[in-house]
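Reader: I'd like a close look at one part of this model, the nonpolar core. Could you walk me through what builds it and what sits around it?

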Amino acid sequence: MVKYILKRLLLMVMVFLIIISICFVLVKLLPNKPAEQFGKDMALIEMRREALGYNKPILEQYVIFLRKSLLGFDWGVSESLYLGQDVWTKFMEKMPATVVVNMYTMIFAVPLGLLFGIYAALKKNRWQDHFISTAVIVFVSVPSYVYAFLVQYFLCFKLKWFPFQVKAGYDFLSWDMFVSMVPAIISLGFGTVAGLTRYTRAELTEVLTSDYLLLARTKGLSRAQTTVRHALRNAMVPIFPMILGEFVGIMSGSIIIEQIFGIPGVGPLYVASITAATPDYNFFMLLSAFYTLIGLLSGIIVDISYGFIDPRIRMGSKK
Amino acid sequence: MKKALASLLVLCMLFASVAMAETGATEPSYTYNTAASEFPTNWSPHSNQTNTDSDILDYIRSGFYTFDFNETMDGYVVVPDAVVDFPVDVTADYVGDEWNIAEGETARAWKFTLRSDLKWQDGTPITAQDYVTSAELLLNPKAQNHRADQLYSGNMVVENAEAYLKQGLAAPVSFGAVMAEEGTDLEGFLAAHGEEKGYINWSYSFGDTYDFDAKAWTGAAEDAVVETPLTVQELYDFYTTGEGMTLASGRGASAEDMLSYVPDELYINYVQYPDEMSFDKVGVQALNDTDLVLILAKPLEGFYLYYSLTDTWLVNEELYKACETVSEGVYSNTYGTSVETTMSFGPYMLTSFQSDKVYTLEKNPYWYGYNDEANEGLYQTTKIQVDYVAEPSTRVEMFLNGKLDVVGLDANYMDEYSTSDYCYYDEGDSVFAMVFNPDMDALKTAQENAGENINKTILTVKDFRIAMSLAMDRQAFCLATAPTNAPAFALYGSQIVADPENGVFYRTTDVAKQVVVDFWGLSEDIGEGKLYPTVDDAIDSLTGYNLEMAKTYFDSAYDTAIEQGLMDEDDVVEIMVGTPNSTGAFYNGGYEFIVNNYTEAVKGTKLEGKLTFKRDDTLGNAFAEALRTNRVDMLFGVGWTGSTFDPYGLVEAYIAENYQYDPAWKPAETDVTIELNGESYTTDVWTWYKGIIGEKITATKTGTEETAELDVYSDAELRIQVLGALEGTILQNYDFIPLMGDSSAKLKGMQIEYYLEDEVFPLSRGGVKYMTYNYDDAAWDAYVAEQGGTLNYK
């Protein structure tokens, strides 16, 4: 197992470096000359670009990036989005809002998704199952921003139960903050609940019709016992990594939901770093490196988790 | 004794607490709540970049001068703000080589006396030396501050400011500029610099790049001055006798022509400024705590001097230096990015800021203005709160629930609220146009690349561009894309000020009106007994849409194109329209409108079924340059902004090679005749432009060989006359065709009242300074609740 993990980690470092190198080259190939502004001294802008090393050969810039950012963990300052500010500090300042709102969403969505999925599986082909399955199709098909606007319109504008925007401040775990996040949590949660319900129902339906469950029932176990002890545990093998993946994803924000509900998170950063007037290289590379690393690590964690959920699965074993 | 003292203390505390409680009860709060769709990120006076950034700056700083309403409240005046009075001309005190000021010169050095009660938000006094230190920080060559050019690139050019910033900097400079600098002719220049590296802008000179290794033209060119592998002498030979000459002669240029282009089109890497310079040589000098002298490189006085100083470069030195970092030689500064890194010296101070969320400003107790009698009854707003709300629908819903005091209206809400009593319209200073690329060489190349039977060169036929202008239903275009905008019929909008000293708006002048009627061909129909009794009637009748006439022009353009061999009868015209992206509602709606509008317009003409459009929606940041670089054939929604008080300087945007949309037009070779004081004078567009920005010019008296030196700058009327002639000339090219004016609509909340109902440029309706409140915050909340939580603004 340890050998397997080490091997995966080494491979991960290699993949990480390849992805980061590709990102670096591609973003540097984007046009980055600022638009001509009437009355603006373009020579001054060129002076800044020269000082930043933008006119050096890409290979030389890449070596500087590797030495400074990857080895020295200095990701530099923003030159476009948040001019003059340290990109790592800014990223970390914005991360808690995204993490907290996603965490609340998971706390609300995962149990609901599992419950609906189990219920639908147990009521397979009855009206309850049809109702849940139809709702799932609707919520999976409709983009989250559509019901985000509906939630905001009814709960915030019409009924006035919640504020339009997430509360300002850094007290992310306070009650007031939670209340202000409810519309966003609901909007984000619909998709997760629907996805998890559909997946759980499908897996559980398959397991519930297995021969060994029939054997368990004939041995005298109650329906609840067979469902919880045997069926659910086996169904969780593919479901659990999905839940784990959702938790890993809490660090990547949703552009649209964050914008609609005024969540000062990291959602819009990645796209903005490329679509800014001139690409914000330092922000783009930090975000690329961070999310690549998170993605690769989560892949390893998910793979390892299989062994814990189902002891029959042994990673890296040749036996 | 102790007991008595203790009792006295308790009594005092009791009185104090009661007094404070009473004060709190009698001082209501008035919060101005707004929402922004973009959020400020850097409001340092040295590096702010966007209008949103300057939103904060406008509240937390005071310039030397500011605008205020005139006595009749229908115009503006410029009044001293951070200084006690208008400046004193002290040029005579600075005569000599040190400041390059000759005896007898005026308006080159000005003394400003600061208010003695000018303070930072922490109560520390601000002195003249703070302005000097701030200028030094602004011009720090290592910082390359984005706003450093405020001291040298506008009307106000501070002596040696640019030289200090760019000390030791080498940059490509045209041969001609170096020759002028060194006082040599071309021969002398080549003898001195012949062995140095040569530079060229391939796009501008040839529209093509020569590959010296492959010894062939590549067919593409970047619009930038780039290094060549040749020396200056070799590049000169290449250009005047080598491959460059061969290509140019194929296009009809003579050797003499090429020789005449050399000074402007070939470049050398040249150190223009001294290697090292002391800041003492920069024209910002403190005489004492309150007197500051600005020494200028060129004379400036009156309105433009005061206007240049409505902005300021002042920063708090201690805080600024604490915000500096240098990493591997790269300088950065976080001044003006948070509450902790912000120091106000204006009417409000920043009290909270959360990135991409919200910021608040409250009254700065140390601002001198609150003790000024002139401000009595003003500045009722105690707090300003700006929320970042990205979605327009959310902003409107928040407004209707009383959470915002003002909200901008986009196309989706205009039907509902355009007739509301609470709806206000603001006019901007820009005219947006549709622009065409009539560059024959570029169009030929694009046409070849587009494939068989595709034609683009018809764009070089002026009748075709006239037809495109006349066939554009501007009113319908505005309704389809941006309903708050109105059709535009000239280069400059109604907010452009031609005589700022006297507050004369350009479009209200007879000259400007005549430009419009001439351009739209109405001049003959004006007069007693004619279609339009007055010029104003004619202008009021304008729609810019004449489909019948457009069809005639389409036919004549087609005939001309066939006659000149530009087009075959089975060709289809294909116009590549550029947009920055594929998601913007304005560009999507605009493109769709253009396609439908022109497809319909050519019906019944010889171009029926032969006019097609394609779209390049990947231009992004290169949108404005896409025509100059020949990526596309047409753009729409382009224009220049920010020169409201200087339409004269803005002419450069339409005639300078690095700004103009039509790369083929040569203003220096286009003569314009203007009648001034009863005499007709002729010279080229570029020379007339130099005249209206302050240079003495030479023009030929029309019909004679006689020349005369003209000063068209000093006389406001002459200046406007020349501006009008230049506007007319640029319009007559039909490559920059006015489409719509820039205006916006908003709803004002019931909590606040504007000072004026009508907009007075540039003060709008008085802003926060003059804004009054119908309810304080508590009463407003109660009122909204009383209305059921949602207000009716229809």
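Author: Sure. The largest nonpolar core (buried Ala, Val, Leu, Ile, Met, Phe, Trp, Tyr and Cys residues joined through C-beta atoms within 7 Å) holds 144 residues, and B:Ala467 and B:Leu739 have the most contacts inside it. Buried means that 20 or more other C-beta atoms lie within 10 Å of a residue's own, with C-beta atoms placed from the backbone. Helix α24 of chain B (residues 716-732) gives this core its largest share, seven residues. Helices here are DSSP runs of H or I with at least four residues, strands are runs of E with at least two, and both are numbered from the N terminus.

One caveat: this is a predicted model, where local features need pLDDT of at least 70 and side-chain atom pairs count only at pLDDT 80 or more, while totals for chains, interfaces and linings use all residues. Residues are numbered from 1 along each chain as its sequence is written, with chains lettered from A and ligands numbered from 1 in the order written.

Now zoom in on B:Leu739. Leaving out residues up to four places away in sequence, B:Leu739 touches, among others, B:Phe432, B:Met472, B:Arg474 and B:Phe477; contact means C-beta atoms, placed from the backbone, within 7 Å.

B:Arg474 and B:Phe477 are also buried residues of helix α17 (474-481) of chain B, as are B:Cys478 and B:Thr481. Down the axis of α17(B), the buried residues fall within an arc of 100 degrees (taken from the directions from the helix axis to the C-beta atoms), so they line one face of the helix. Their cover includes α21 (585-601) and β31 (736-748) of chain B.

Key. A residue is buried if 20 or more other C-beta atoms lie within 10 Å of its own, exposed if 12 or fewer, and partly exposed in between; C-beta atoms are placed from the backbone. Two residues are in contact if their C-beta atoms, placed from the backbone, lie within 7 Å.
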